[in-house]
Amino acid sequence: MKTATLCIILCICALILGKRQSSRIADLEKRIAAFKVPVRMEPSRSAYEGNGDYRGKYRQRAASLGAQEVFETVLSLVRNTSVSSGPDVVMENREALQAMLKLDLAGQKELIRLIATSNDPRLGDRRNILRKWEQINVCLCAMSDRHPETALEYLRNSDERIGSFYREWMEPDAMISYTIRRLCEHDPAAGLQELVAEAGRSVHKGVFTATDILVSVAEDEPELALETIPRLPVASRVDPLRIILSKTDSDEQCTRQFQSLRHGLRDDPASLDTAFSILLGNVSKRNNSWRKSAAWIEALNLSNEEKLRVAKGLRGLAEGGVDGHPEPTQWIADYLPPSKERNFILWSNIRHGVWRAMDPQAAEAFLRKNSIDEVEMKRLDDEKFLSGDSH
């Protein structure tokens, strides 16, 4: 009886002691956490493809440095060497970049002000302020890491935000492209909206290019990238279309992508034809029979107007050993509405294909039946009608 009572007392004591110990451990963990330096861990993203070695896989940022302290660090790191341009500045200013990454947004804004208004000879004089321009670009790259939308605002309003000297010395297009790329990594929809806006501003300069950014976004968001292309200036559409559409891996995907583009490109026959030709080429490569490609085309339910817009792509339908054969030629005759496009494709298939050699009488009869004017077709052929590299 005494032994049982003693055991009960010991168990009660152990429970009380355990609760107290747990309480002390929890309290100790809170106190340790209160003394930890705030640290932000973030996966790095490459600035440009192949040039991402200036960041490690992860970065630690201690939020303890101030703008003035980083400014002094920047001054100590400036060297009398050649000045890098655009976002490439980070490759030659890695230490400065790491210091700038430790600032919050307010600190980075203040640092840009300090650099822009500095009279320190290490940043140059009034006749040569390229080093000042370079270090501001390093800070804008650091800002783009977490706040690309703010960096873009600074670049677009550089006279007020930085100083008129910034745009006087260098065009900001490369930096704008970089910040939009970074914004696309944070928020693809917002980044592509800014891409469209910038492409519209820069279309006459021929400097800003949307292709690389769209292709990068398409790796994860192909439909979003394709939806953006019709919003670009016409001159900026074909290149991204060629690259993005060439990567389709199924007939179903080809169908989805064409349907996504057809309405947006209805006023741009050249781009619509490019899209159709590339996708039809992808479908044809996966199918040994021209009939399967024809079935894919029919399933698109194109209007007669759309059929004529993509007629050039139909010239490649009979590729792969059946060029100019009667059956695919007859299918084209039935599929296309009466037009010079239809007549020219039929004439070209017969004149340059194998049907004429196989059965010349039947081939000539087919041309007469479809009222194809030989003289007009030769003239169109001389004018390179429906020619050009569609793929």
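Here are some exercises with worked solutions on the predicted model shown above.

**Exercise 1. The chain as a whole**

Describe the chain by its secondary structure, its buried share, its contacts and its exposed area.

*Solution.* Start with the secondary structure: the chain has 24 helices and two strands. Next, take burial: 44% of the 391 residues count as buried. Then turn to the contacts with a separation of 6 or more: 68% of them join residues 24 or more positions apart. Finish with the surface, where the chain exposes about 21100 Å², and carbon and sulfur atoms supply 51% of that area.

**Exercise 2. The largest nonpolar core**

Find which residues touch the most other members of the largest nonpolar core, and which helix gives the core its largest share.

*Solution.* A general point helps to set the scene: in soluble globular proteins, nonpolar side chains tend to be buried together. Here the largest nonpolar core has 97 residues, and Leu140 and Phe276 touch the most other members. The largest share of this core is eight residues from helix H6, which spans residues 130–146.

Now look around Phe276. Setting aside neighbours within four places in sequence, its contacts include Phe258, Trp296, Ile297 and Leu300. Leu302, Val310, Gly313 and Leu314 are also in contact with Phe276.

**Exercise 3. Helix H10 and two partners**

Work out how H10 is oriented against H7 and against H12.

*Solution.* Remember first that two packed helices are described by the angle between their axes and the distance between the axes.

1. Take H7 (residues 148–156) and H10 (residues 173–186): they pack at an angle of about 160°, with axes 8 Å apart. Angles over 145 degrees count as roughly antiparallel, so H7 is roughly antiparallel to H10. The crossing of H7 past H10 is left-handed.
2. Check the residues that meet. On the H7 side they are Pro148, Glu149, Ala151, Leu152 and Leu155. Those of H10 include Met175, Ile176, Thr179, Ile180 and Leu183.
3. Move to H12 (residues 211–218), which packs with H10 at an angle of about 15°, the axes being 10 Å apart. Angles under 35 degrees count as roughly parallel, so H10 and H12 are roughly parallel to each other. Ser177, Ile180, Arg181 and Cys184 of H10 make the contact with Asp212, Ile213, Ser216 and Val217 of H12.
4. Add the handedness: H10 passes H12 in a right-handed crossing.

**Exercise 4. Another helix pair**

Describe the packing of H14 and H16.

*Solution.* H14 covers residues 238–245 and H16 covers residues 269–286; their axes come within 10 Å and cross at roughly 15°. The two helices are therefore roughly parallel to each other. From H14, the contact uses Val238, Leu241, Arg242 and Leu245. From H16, the residues include Ser271, Thr274, Ala275 and Ile278. The crossing is right-handed.

**Exercise 5. Two arginines and a histidine**

Decide whether Arg351, Arg256 and His325 are buried, partly exposed or exposed, and place each one in the fold.

*Solution.* Arg351 belongs to helix H21 (residues 340–352). Its relative accessible area is 17%, and under 20% means buried, so Arg351 is buried. Beyond four places in sequence, Arg351 contacts Arg356, Glu364, Leu367 and Glu374.

Arg256 is in helix H15 (residues 251–262), and at 47% relative accessibility Arg256 counts as partly exposed. Its C-alpha atom is separated by 9.7 Å from that of Leu300, although the two are 44 residues apart along the chain.

His325 sits in the loop between H19 (311–314) and H20 (326–335). With 23% relative accessibility, His325 counts as partly exposed. Residues up to four places away aside, His325 touches Val354 and Met358. Its C-alpha lies 8.8 Å from that of Arg356, with their positions 31 residues apart in sequence.

**Exercise 6. Positive phi values**

Examine the backbone of Ser371 and Lys384, and say whether each residue is buried or exposed.

*Solution.* Most residues other than glycine have a negative phi. Ser371 has a positive phi, near 50°, and lies in the loop between H23 (360–369) and H24 (374–382). At 60% relative accessibility, Ser371 is exposed. Lys384, in the segment after H24, has a positive phi near 60°. Its relative accessible area is 59%, so Lys384 is exposed too.

Technical notes:
Residues numbered from 1 in each chain as written. Predicted model: local features only at pLDDT ≥ 70, side-chain atom pairs only at ≥ 80, totals over all residues. Heavy atoms only, no water. Helix = DSSP H or I, 4+ residues; strand = E, 2+ residues; numbered from the N terminus. Buried < 20%, exposed > 50% of the residue type's maximum accessible area, 1.4 Å probe, protein only. Contact = heavy atoms within 4.5 Å. Areas by Shrake-Rupley, 256 points an atom, 1.4 Å probe, with all protein chains shown as cover. Core = buried A, V, L, I, M, F, W, Y, C linked by side-chain atoms within 4.5 Å. Axes fitted to C-alpha atoms, helices over the stretch in contact; angles between N-to-C directions. Parallel < 35°, antiparallel > 145°, perpendicular 65-115°, else oblique. Left-handed = near helix turned anticlockwise from the far one by under 90°.
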